[in-house]
Amino acid sequence: MIKKTKETPGELIYGLHPLIELLKAKRRKLISIYTTKPTPKGWQEIEKLMPKYPVAIQYVARDVLHRMANTTDHQGIVAWVHSFPFRTKMFHPDKEQFLLMLDGLQDARNLGAILRTAYCTGVQGVIITQKSSVPLNGAALKSAAGLSEYLEIYQAPSAQSAAQELQKAGYNLYLAAFGGQDATQCAYKNPLCMVIGGEGFGISKQVYQYGTQVTLPQRAPDISYNASVAAGILLFLVGKKNNVL
């Protein structure tokens, strides 16, 4: 249905909030919208934010949207937009004091939930890895409720290369892992980067040498927090301790 050409590079997003926040942020261009008749709940909010430049609106059957989004969780809205504007250079401690690095996340919904939390807790920059990680796709953007549109995100080749670069730049790295310092008692020193590992295997072994391990207290040693839950607690702790929130 959508013809990808050199003139219209981009990606699909879906859901009400991802499109609303994209239009509010004005960081990337909306090319076309696919929706239903009658229009879905919340459409009036989108109409208020529509840009002055022409945007094609096509009305299609709901099952067409299912196929386009590869999910039924699209709320009656699918859009073709310019690709996400990833940062091209690594962050610098003089400008960004509070970073988050995600190492090997596999679940797009976890990625989106963590990005949503990152924005809410005042994170100034996010690093995701190209190696062994889920991409920032439509499912992740939906889970982030569109708040990823306001984040500066850098794609590093690997977690190890990013950790090396961050340490060299002067960042203090804190690694969410078992057997570390009590995360609730740790004094987080700026500039810092909190590192969250993937759902199955945690942080890459090669990254441990670059930072301090911190552990969230829990009632038993043979259980663990979901990656997005752990990230939410840790980012909130850092934000409060360092007067970001």
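## Helix H1, cores, salt bridges and pockets

The buried residues of helix H1 are covered by elements that include strand E1 (11–14), E2, helix H2 (43–49), E4 and H5. This is a predicted model, and H1 is a friendly place to start, as 8 of its 10 residues are buried. From there the tour moves to the nonpolar cores, then to the 8 salt bridges of the structure, and ends with its cavity and pockets.

**Helix H1 and its end**

- The buried residues of H1 are Leu16, Pro18, Leu19, Ile20, Glu21, Leu22, Leu23 and Ala25.
- One of these, Leu19, is also among the residues with the most contacts inside the largest nonpolar core.
- Just after the helix, Lys26 adopts a positive phi of about 60 degrees.
- Arg27 lies in the loop that runs between H1 (16–25) and strand E2 (30–35), and Arg28 has its place in that loop between H1 and E2 too.

**Nonpolar cores**

- In soluble globular proteins, nonpolar side chains tend to be buried together.
- Here, the largest nonpolar core is made up of 50 residues, and Leu19, Leu100, Val126, Tyr188 and Met194 have the most contacts inside it.
- Helix H7 (residues 227–241) gives this core its largest share, 7 residues.
- A second core, separate from that one, has 19 residues, among them Met90, Phe91, Tyr154 and Ile203.
- What does Leu100 touch, once its neighbours within four places in sequence are set aside? Its contacts are Ile114, Ala118, Val123, Gly125, Val126, Ile127, Cys193, Met194, Ile196 and Leu235.
- Two of those partners, Val126 and Met194, are themselves listed with Leu100 among the residues with the most contacts inside the largest core.

**Salt bridges between distant parts of the chain**

- Side chains of opposite charge can pair when their charged atoms come close.
- Arg27 pairs with Glu152 in a salt bridge whose closest N and O atoms are 3.9 Å apart.
- This pair spans 125 residues, from the loop after H1 to the loop between helix H5 (138–143) and strand E7 (153–156), where Glu152 sits.
- Arg27 counts as partly exposed because its relative accessibility is 29%, and Glu152 is likewise partly exposed, with a relative accessible area of 32%.
- Which residue does Arg28 meet in a salt bridge? Its partner is Glu149, at 2.6 Å from N to O.
- Glu149 is in the loop between H5 and E7, and 121 residues separate it from Arg28.
- Both members of the Glu149 and Arg28 pair are buried.
- Lys142 and Asp73 form a further salt bridge, with their closest N and O atoms 3.4 Å apart.
- That bridge connects helix H5, home of Lys142, with the loop between helix H3 (62–69) and strand E4 (77–81), where Asp73 lies, 69 residues apart.
- Lys142 counts as buried because its relative accessible area is 19%, and buried means under 20%.
- Asp73 has a relative accessibility of 40%, so it counts as partly exposed.
- Through shared partners, salt bridges join Arg27, Arg87, Glu96 and Glu152 into one network.

**Cavity and pockets**

- The structure has 1 cavity of 30 Å³ or more, and the largest cavity holds about 40 Å³ of space.
- The lining of the largest cavity consists of Leu102, Leu105, Leu111, Ile128, Thr129, Ser133 and Val134, which divide into 5 nonpolar, 2 polar and no charged residues.
- The largest pocket holds about 460 Å³ of space.
- Of the 22 residues lining this largest pocket, Ala176, Ala177, Phe178, Ser224 and Tyr225 lie nearest its centre.
- Strand E8 (172–182), strand E9 (192–197), strand E10 (211–215) and H7 each contribute at least two residues to the lining of the largest pocket.
- By class, the lining of the largest pocket has 13 nonpolar, 8 polar and 1 charged residues.
- The second largest pocket has a volume of about 330 Å³, and 17 residues line it, with Asp103, Gly104, Lys131, Ser132 and Ser204 closest to its centre.
- The lining of the second largest pocket has 3 nonpolar, 11 polar and 3 charged residues.

**A look at His92**

- His92 is found in the loop between E4 and strand E5 (98–103).
- It counts as partly exposed because its relative accessibility is 40%.
- His92 and Leu173 lie 81 residues apart in sequence, and their C-alpha atoms are 14 Å apart in space.

Terms used: Residues numbered from 1 in each chain as written. Predicted model: local features only at pLDDT ≥ 70, side-chain atom pairs only at ≥ 80, totals over all residues. Heavy atoms only, no water. Core = buried A, V, L, I, M, F, W, Y, C linked by side-chain atoms within 4.5 Å. Buried < 20%, exposed > 50% of the residue type's maximum accessible area, 1.4 Å probe, protein only. Helix = DSSP H or I, 4+ residues; strand = E, 2+ residues; numbered from the N terminus. Contact = heavy atoms within 4.5 Å. Salt bridge = Lys/Arg side-chain N within 4 Å of Asp/Glu carboxyl O. 1 Å grid on protein atoms, 1.4 Å probe; cavity = no way out; pocket = protein on both sides within 12 Å on 5 of 7 lines; lining within 4 Å. Points joined across faces, edges and corners; volume = space filled by probe spheres on them. Nonpolar A, V, L, I, M, F, W, Y, C, P; charged D, E, K, R; others polar.
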